[in-house]
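Student: Before I start trusting any helix in this thing, can we go through it together?
Tutor: Sure, let's take a look.

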Amino acid sequence: MGEGEGGATTAGKSSRLTIAGRELAGLRAEKTILLAVAIQLFIAAFSSFLVVGLVSMYDPGALGGAEVEVAGAGDAVSDLERAASEVEGASVTPYEDAAAARLAFDRNAADAVVVVNRHDEGRISATVTAPDATVETTVIVVQLRELLRTYELNERADRAAYLSESPLPLPERTGSSPYFTFTYTVLIPVLVFLPVFISGSLVVDSITEEIDEGTLELLRVAPVTLGEIVDGKALAAVAIAPGQALLWLLLLRANGTPVANVPSILALMTALTTLVVALAVAISALAPDRRAAQFLYSVGVLVLFGGATAMAGGPANAVARLAIDSADATTTALVVAYVGIAAVAYAGVRALVAENGFES
Amino acid sequence: MIDRLRRVLRVARWEVARAGGGVDRRTLLAALALLLVAGGVLGGGLAAGAVGLDVDRDVYRVAVDGDSPYADAVEEAPALTPVPVEGAELGDTADLVVFDGGGSRTGAVETVAVRASDTRKGEAAAAEFREAVEAHNERLMAAEENATAAFPITVTLQYVGRTSGLDDGSTLGEDDGGSGGDSESGDGSGGGDGSTDGGGSDGDSEGGDADGSGDPVTADDTAGDGLAVPSVGGAAFGADTVGSPGSISPPFPFVSLLLAFVFLVPMNFLIQAYGSSILDERTNRRGEPLLVTPLSPVDIVAGKTLPYVAAALLVTTLIAAAVGGGPLSVIAVLPVALTFLAATFVGAMFARSFKELTFVTVGVSVLLTTYAFVPAIFTNVTPVALVSPLTLVVFDLQGEAVSVGEALFSTGPMALGAALLFGLGLGVYREEDMFTQKPVARKLLDALAVRLSPVEDAGFGDFVDRRRIRALGSVALLTAFAIPFVFVAELLAVATLFALPVTVSIPVLLVTIAFIEEVAKSVHLYAGFERGVFARADRVAVAVGLASAVGFFLAEKATAVVQAVGLTDLYVGRAAFGSVAGVEGLSPVAVAALLFAPLLLHGFATTVAAVGASRDRTYYVLTLALATLLHAAYNFGVVSIHG
C-alpha cells in the first residue's frame with residue numbers, strides 16, 4: 001500500500017518535471033528569454049540615464065559643479081556677496097543699480113540678476129531674474145536657491161534674539177551622489193521585480209494558448225492530473241525568475257554597487273513570483289479567452305504592485321532595505337510573511353483549478 | 001477606390017464584432033472590481049496613515065540620543081530611522097552617529113558633529129541627515145510668531161528671455177517660436193506683469209506676513225496651463241513658507257510630462273488586443289478563409305487595423321479633453337499610436353506563439369515609450385526634444401505656439417516609420433509565410449526579400465538592361481527606406497551614451513553608429529542572397545552593394561534637416577550626424593570632397609559587406625565587422641577634422 005503511494009508520488013513528481021522541462025525547452029527554442037533580458041537591460045540603462053541626467057540638472061555639484069555668475073544690486077548686496085563666498089559654484093558681482101545689473105544679464109555677462117533691498121521692520125526682499133527656458137535655467141535656479149538659503153541662514157542668525165527657538169546647527173556638508181540612494185531604492189527593486197511580471201505573463205500565455213489550441217485536452221488524456229499540469233507550468237515560470245534577478249545583482253556588484261542580503265532578496269522575489277504566478281493561473285482559469293486573461297492580468301498586477309508599493313513595508317521598500325543592508329527584524333518577518341502568503345495563495349489556486357478545471 | 005473603402009470597412013466591422021466578443025462584460029466588471037478594491041485599500045490606507053510612496057523609507061539608520069533635539073529631525077525624515085546610541089556600531093547597526101554639543105536639555109545646541117561609517121552609504125546617510133535637519137529647521141521656523149525674524153528674506157522669482165537671444169535661429173519655424181517667446185517674456189519690470197510662466201512667485205513680496213498668501217499662488221499655478229513651473233511654495237514645506245528661499249523649485253515641466261505620459265498608457269492595452277487579433281489569424285490557419293476571398297492582403301490588414309486606430313483616436317481625444325489639450329495633442333499622438341500598432345503588427349506577423357508575442361509587445365512598448373517620452377523631458381531645454389511627437393503635446397499643454405514646420409518635423413518621421421513597418425509586415429501577409437513557424441530573424445529576411453527583384457549574374461555588357469536597373473533601384477529604395485529607422489536607432493544610441501564622459505561616449509558612439517548604418521545598408525542584401533533573389537556571384541555583390549550605398553547616400557543627404565533643428569550643436573550630436581553638418585567656411589573643393597567622400601566610403605564599405613553576404617552567414621558577420629571598422633575609422637577622421 002505504502003509502496004504504491006510512493007510510486008504514485010514519484011510518477012507525479014516526474015510528470016511535473018517533464019511539463020516544466022517542456023515549458024523551458026519552448027522558451028529556449030524561441031530565445032524569448034534573451035529578449036526578456038535585453039528588455040530589462042534596456043530599461044535599466046535608460047532609467048539610469050534619466051536619473052543621472054536629471055540629477056545633474058538638479059544638483060550641479062553632484063557631477064562636477066557649474067559656476068553661476070550673479071549680477072547683484074540693491075542696498076544689501078554686500079550681504080549677498082558674503083553669502084556667495086560660502087557657497088560653492090556661485091559668485092556675485094555688484095552693480096550700482098538694478099538697471100545696470102539687468103543690462104549685464106541681457107548682454108550675457110551674468111547668468112541671473114538678484115536685487116536685494118532692506119525694508120522697514122527688517123524684512124529683506126530679493127527679486128530674482130533668471131533666464132527663460134534655456135539649457136541652464138534649472139542649474140542656475142538650483143544654485144540661486146542655495147545662495148539665497150545661505151543668505152537667509154546668515155540673516156536669521158543675526159535675528160536669533162527675536163526667535164523663541166533657534167534653528168538647529170547643520171552638520172557639515174559631505175559630498176554624496178543622490179545616485180546612490182536611487183540605485184538602492186529604485187533601480188534594484190525595479191530590476192528585481194521585472195522578472196516577476198514576465199513570469200506571470202508567461203504562465204497566462206502558456207495556459208491560454210493550450211486552451212486555445214485544444215492541446216490541454218490532449219494533455220488530460222495523458223496520465224497526469226490537472227494539478228500536476230499547473231504545477232509543472234508554475235514550476236518552470238517560477239524557476240526562471242531568481243536567476244534573472246541574481247544576474248542583475250551580480251552585474252551591479254561587478255559595477256561596484258555591493259548588494260547585501262542576496263539570499264533574502266531572492267527568497268522575497270521568488271515568493272512574489274509564486275504569488276503572481278498563482279494570480280496568473282487563477283485568471284487564466286476564470287477568464288474566457290487569452291485577450292481577456294492578459295487584460296485582467298495586466299490590471300491585476302498593476303493593482304497588486306501599486307497597492308503593495310504604497311503600503312508601509314511594501315516589497316519594493318523591503319528589497320531596498322535588504323539590499324542597502326539596513327534590514328532589521330521587521331524586514332525578516334516581512335520576508336517570511338510574503339513566503340507564507342505566496343504559499344497559501346498558490347495552494348488555494350491550485351486546489352481551485354484541480355477541483356473545477358479550466359473554463360474554455 | 002470607393003469599392004476598396006467599402007471592402008476595408010466590411011473587414012473592420014467584422015473585426016469589431018469579433019473583438020467585442022473578446023473582452024466581454026464579465027471581464028470588464030472583474031477589472032473594475034479589481035480597481036475598486038485597490039482604490040478602497042489605498043483610500044483606507046491613506047486614512048489610516050499607512051500609505052506613502054516613500055520607496056526610500058528607513059533606508060539609513062541614524063544613532064541619535066532620544067533626548068537630543070535632532071531626534072525629532074530624524075523621526076520626521078522618512079528615509080532615516082532612529083536607533084539607540086547605546087550599543088550602536090558604525091557600519092553594523094548604524095550608518096551615522098549624531099553627537100550634539102551637549103546642552104540637550106536647555107534646548108540651545110551650539111554645534112553638532114556626525115560620524116558616518118566610511119562607505120558611500122555613510123556619506124549618503126550624512127547628506128540625508130543634513131537635509132532632514134534643514135527640513136526640521138524650516139518647520140521650526142514656520143511655527144515662529146515673529147515671521148520677519150524666522151524668514152527675513154522674501155524672494156520674487158521671475159523668468160525672462162534675454163533681449164539678445166541665446167537661441168539664434170537654431171530652430172525650425174523660428175518666427176513663431178520667437179514671437180511666442182517675446183510676448184511671454186514681458187519686459188521684466190516687476191514681478192506681477194510678465195512671464196505667464198513665472199507668475200507663481202509674486203505672492204507676498206509686498207505683504208508683511210508670510211501667512212495666507214499661499215492661496216493666490218496655488219490658484220495661479222493651476223491656472224497656468226497646468227504647467228509645473230517655478231512655483232514658489234511647492235508642497236515641500238507647506239504654504240506657510242511661501243516666498244522664502246527654501247521654497248524655490250527649479251523649472252521642470254513635470255505636470256505636462258506626466259500628462260503626456262497618460263497619452264501613452266492606453267497604447268499598451270491597445271497593442272495587446274491588436275497583437276492577439278493578428279496572431280489569432282495565424283494560429284490554426286484561422287486567417288485562411290479571408291485570404292482566399294477576393295480581398296487583397298492590404299484590404300484585410302487595413303480593415304483589421306482601422307478599429308484600433310479609431311479606438312486610439314477616441315481615447316486620445318477623450319484624454320486630450322480631460323487634461324486640457326487641443327487638436328494638436330491628438331494630431332501629435334496619432335503617429336505614435338500608428339507606430340505602436342505598426343510595430344505590433346510586424347511583431348505579430350513574425351512571432352511563433354503568444355508567448356513570443358508577449359515579449360515582442362513588451363519590447364515594442366518599452367522602446368517606443370522611451371523613444372516618445374525621453375526626448376519630451378527636455379522640451380524646454382533643447383530643440384532635439386522635437387524628435388518626439390510628445391514634445392508637441394507638452395507644448396500644447398503649456399499653451400505654447402508650434403509652427404507647422406515643427407509639427408511636421410516632429411510627426412513626419414514617425415508616421416513614415418509606421419507606414420514602412422506596415423509595408424514590411426504586409427510582405428509576409430500571404431499563405432506561405434503566415435502559417436509557417438520560423439524564427440523571427442528568418443521571417444525578417446523573408447519580409448525583406450519579398451521587396452527585392454532578382455539580379456542575375458550577367459556580364460557587364462548587360463549593365464544597362466532595364467530589368468537589372470529596376471532591380472538595383474529596388475535595392476537602393478529599400479536602403480533609403482531604412483533611413484528613418486537608422487535615425488531612430490542613432491538617436492537612441494546618442495541618448496543612452498549621453499550620460500557617459502565624452503572620452504568614452506564618442507568612440508563607442510562612432511562604432512555603434514557605423515554598425516547601425518552598415519547593418520541598414522547590407523541586411524537586405526544578405527536576405528536577397530539567402531533567399532536566392534540575387535545570384536551568388538561577386539559581380540552581383542558589387543552591383544547591389546554599390547546600389548545600396550547610393551540609396552543610403554541620397555537618402556542621408558535628404559535628411560539634412562538634422563542640421564536645421566540644431567542637433568549638431570551638441571557635441572555628441574555632431575559625432576553622430578557630423579557628415580551632414582559643418583560645411584560652411586570651406587573651399588569649394590573641400591566641400592565637394594566632403595560631399596562625395598561619404599559616397600565613396602558607403603560604396604566601399606557596403607561592397608565589402610555585400611561580398612561577405614553573398615558567401616554565407618559567417619562571412620557576412622566578418623565582413624560586416626570589417627565594414628563597421630572602416631566606417632568608424634572614417635567617422636573618427638571626420639570628427640577630428642571638424643573638432
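Student: What pLDDT does chain B average?
Tutor: Keep in mind that this is a predicted model. In chain B, 71% of the residues score at least 70. The average pLDDT for the chain is 73.

Student: Which helix of chain B has the highest confidence?
Tutor: Start at the low end: helix α7 (residues 214-223) of chain B has the lowest confidence, with a mean of 33. Residues 164-242 of chain B stay under 50 in pLDDT, and so do residues 563-584 of chain B. At the high end, with a mean of 90, sits helix α11 (residues 327-350) of chain B.

Student: Is α11(B) largely enclosed or largely open?
Tutor: α11(B) has 24 residues and spans 35 Å from its first C-alpha to its last, close to the expected 34 Å. Of those 24 residues, 20 are buried, so the rest of the structure leaves α11(B) largely enclosed.

Student: How are α17(B) and α20(B) oriented to each other?
Tutor: The axes of helix α17 (residues 466-481) of chain B and helix α20 (residues 538-558) of chain B come within 7 Å and cross at roughly 45°. Residues making the contact include B:Leu472 and B:Val475 of α17(B), and B:Ala547 and B:Val550 of α20(B). The crossing is right-handed. With that angle, α17(B) and α20(B) are therefore oblique.

Student: What ipTM does the predictor give the complex?
Tutor: There are two scores for the complex here. The pTM is 0.70, and the ipTM is 0.82.

Methods:
Residues numbered from 1 in each chain as written. Chains lettered and ligands numbered in written order. Predicted model: local features only at pLDDT ≥ 70, side-chain atom pairs only at ≥ 80, totals over all residues. pLDDT = per-residue confidence, 0-100. Helix = DSSP H or I, 4+ residues; strand = E, 2+ residues; numbered from the N terminus. Contact = placed C-beta atoms within 7 Å. Expected span 1.5 Å × (residues − 1). Buried ≥ 20, exposed ≤ 12 C-beta atoms within 10 Å, placed from the backbone. Axes fitted to C-alpha atoms, helices over the stretch in contact; angles between N-to-C directions. Parallel < 35°, antiparallel > 145°, perpendicular 65-115°, else oblique. Left-handed = near helix turned anticlockwise from the far one by under 90°.
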